[in-house]
Amino acid sequence: MTANILDGKSLARSIINDLSRRVSQLTFHKLTPALAVILIGDDPASALYVKNKANACDQCGIKNIIYRYNNNVSQQQIINDIYMLNDDPTIHGILVQLPLPKHIDIPHIIESISPRKDVDGFHPYNVGRLAVGSPTHLLPCTPKGVINLLKYNHISLSGANVVVIGASNIVGKPLSNMLINEGATVSICHKLTTNLSDHTRNADILISATGHAGLICSEMVKRAAVVVDVGISRNADGRIIGDVDYENVRKIASWITPVPGGVGPMTIAMLLENTVCAAERLLNISSA
Ligand SMILES: Nc1nc(=O)c2c([nH]1)NC[C@@H]1CN(c3ccc(C(=O)N[C@@H](CCC(=O)O)C(=O)O)cc3)C=[N+]21
């Protein structure tokens with residue numbers, strides 16, 4: 001038996017295709033959805049991600065503007081510029097590419113973004129809406145991408161035992177809340193978890209988001225489990241690899257995400273969807 005592939009790349013392509021239609025509808029109403037991306041410093045990985053996001057925006061007609069800053073830019077400068085973007089009616093989404101230089105306080109920056117334009121879903125207002133289960137327009141992109149990828153492939157979440165490894169604000173915590181809202185039984189493991197396999201071997205759905213290459217080997221996976229790999233590391237020749245020992249785990253699992261081509265492309269598709277939703281809200285034609 002080999003696992004079926006959770007093909008994020010092709011699902012992301014079809015989502016972006018559908019978004020093109022919603023963007024045309026908006027431009028018909030003289031409203032071009034626009035995403036502002038703030039990129040600080042010269043981290044090559046960040047520059048590459050930002051370029052990929054810009055290309056995806058171009059594919060479906062979303063306007064994107066990249067604001068570049070030196071590594072030593074002051075926190076106040078960034079916050080002032082975010083306030084300007086908050087007040088700019090032609091901008092619908094604001095994304096501050098993470099990570100940030102050490103002298104900049106991430107929570108402070110995130111809280112200066114208008115919750116209506118917070119297309120990453122990181123603002124405490126949007127985090128809180130998710131936590132209390134209120135309808136939220138702007139959910140964090142990677143967790144939203146994971147849920148969509150599972151649902152599209154008819155993997156049932158209600159009553160499932162889901163183990164999430166990684167408790168970050170970007171992936172693990174919001175994803176756990178979304179899974180709870182879908183009726184899953186959720187265990188959250190992290191750096192201090194003892195006997196990780198005791199948890200993972202019970203998982204119907206195992207989701208790893210640590211950035212620790214090769215963390216998940218086949219002995220840690222229950223037969224016929226669904227395995228979702230959110231990890232990103234680079235191997236010696238610079239190619240990206242996930243947390244999961246793919247070649248061995250695919251012999252055990254029923255479904256598995258490849259890296260690349262799994263969760264990564266879904267993250268970008270969800271960012272575009274959030275930007276379109278933020279723009280649609282101004283017209284009251286939201287279909288999401
Ligand atoms: N404010 C903020 N929001 C983010 O959403 C955010 C961020 N900062 N900082 C960095 C992480 C990382 N991230 C990825 C997006 C797409 C791929 C992606 O498309 N990956 C491709 C491969 C790309 C490659 O080959 O390098 C794939 O998995 O198939 C990966 C990683 C968004 N992030």
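**Exercise 1. Find the annotated domain and describe it.**

Task: Which residues does UniProt list for "domain: Tetrahydrofolate dehydrogenase/cyclohydrolase NAD(P)-binding", and how much of that stretch is helix and strand?

Solution:
- Step 1. The UniProt record, an unreviewed entry, lists residues 140-281 for this domain. UniProt positions follow the numbering used here, feature names are shortened, and annotations may be inferred rather than shown by experiment.
- Step 2. Residues are numbered from 1 along each chain as its sequence is written. Remember that this is a predicted model, in which local features need pLDDT of at least 70 and side-chain atom pairs count only at pLDDT 80 or more, while totals for chains, interfaces and linings use all residues.
- Step 3. Over residues 140-281, 35% of the chain is helix and 17% is strand. Helices (H or I, at least four residues) and strands (E, at least two) are DSSP runs, numbered from the N terminus.
- Step 4. The end C-alpha atoms of this stretch are 18 Å apart.

**Exercise 2. Look at the whole chain.**

Task: How many helices and strands does the protein chain have, and what share of its residues is buried?

Solution:
- Step 1. Count the elements: the protein chain has 10 helices and 11 strands.
- Step 2. Its radius of gyration is 19 Å, close to the 19 Å from the globule rule for 288 residues, so the chain is as compact as a globular protein of that length. The radius is taken over C-alpha atoms, and the rule is 2.2 Å times the number of residues to the power 0.38.
- Step 3. Of the 288 residues, 42% count as buried. A residue is buried if 20 or more other C-beta atoms lie within 10 Å of its own, exposed if 12 or fewer, and partly exposed in between, with C-beta atoms placed from the backbone.

**Exercise 3. Locate the ligand.**

Task: Why does the ligand lie between domain 1 and domain 2?

Solution:
- Step 1. The chain is divided into domain 1 (30-115) and domain 2 (141-264), with bounds from an automatic or database domain assignment. The domain centres, taken over C-alpha atoms, are 28 Å apart.
- Step 2. The ligand is surrounded by 17 residues, and the closest are Leu98, Pro260, Gly261, Gly264 and Thr267. A residue counts as near if its C-beta atom, placed from the backbone, lies within 6 Å of the molecule.
- Step 3. Helix H2 (44-60), strand E4 (93-96) and helix H10 (263-283) each give two or more residues to this shell. H10 supplies the largest share, four residues.
- Step 4. Both domains give residues to the shell, so the ligand lies between them.

**Exercise 4. Inspect two binding-site residues.**

Task: Where do Ser168 and Ile232 sit, and which residues do they contact?

Solution:
- Step 1. UniProt, in an unreviewed entry, lists Gly166, Ala167, Ser168 and Ile232 for "binding site".
- Step 2. Ser168 is in the loop between strand E5 (161-165) and helix H7 (172-181). With 15 other C-beta atoms within 10 Å, Ser168 is partly exposed.
- Step 3. Leaving aside neighbours within four places in sequence, Ser168 is in contact with Lys173 and Ala209. Contact means that the two C-beta atoms, placed from the backbone, lie within 7 Å.
- Step 4. Ile232 is in the loop between strand E8 (226-229) and strand E9 (233-234). Ile232 has 19 C-beta neighbours inside 10 Å and counts as partly exposed.
- Step 5. Not counting residues up to four places away in sequence, Ile232 touches Gly211, Ile240 and Gly242.
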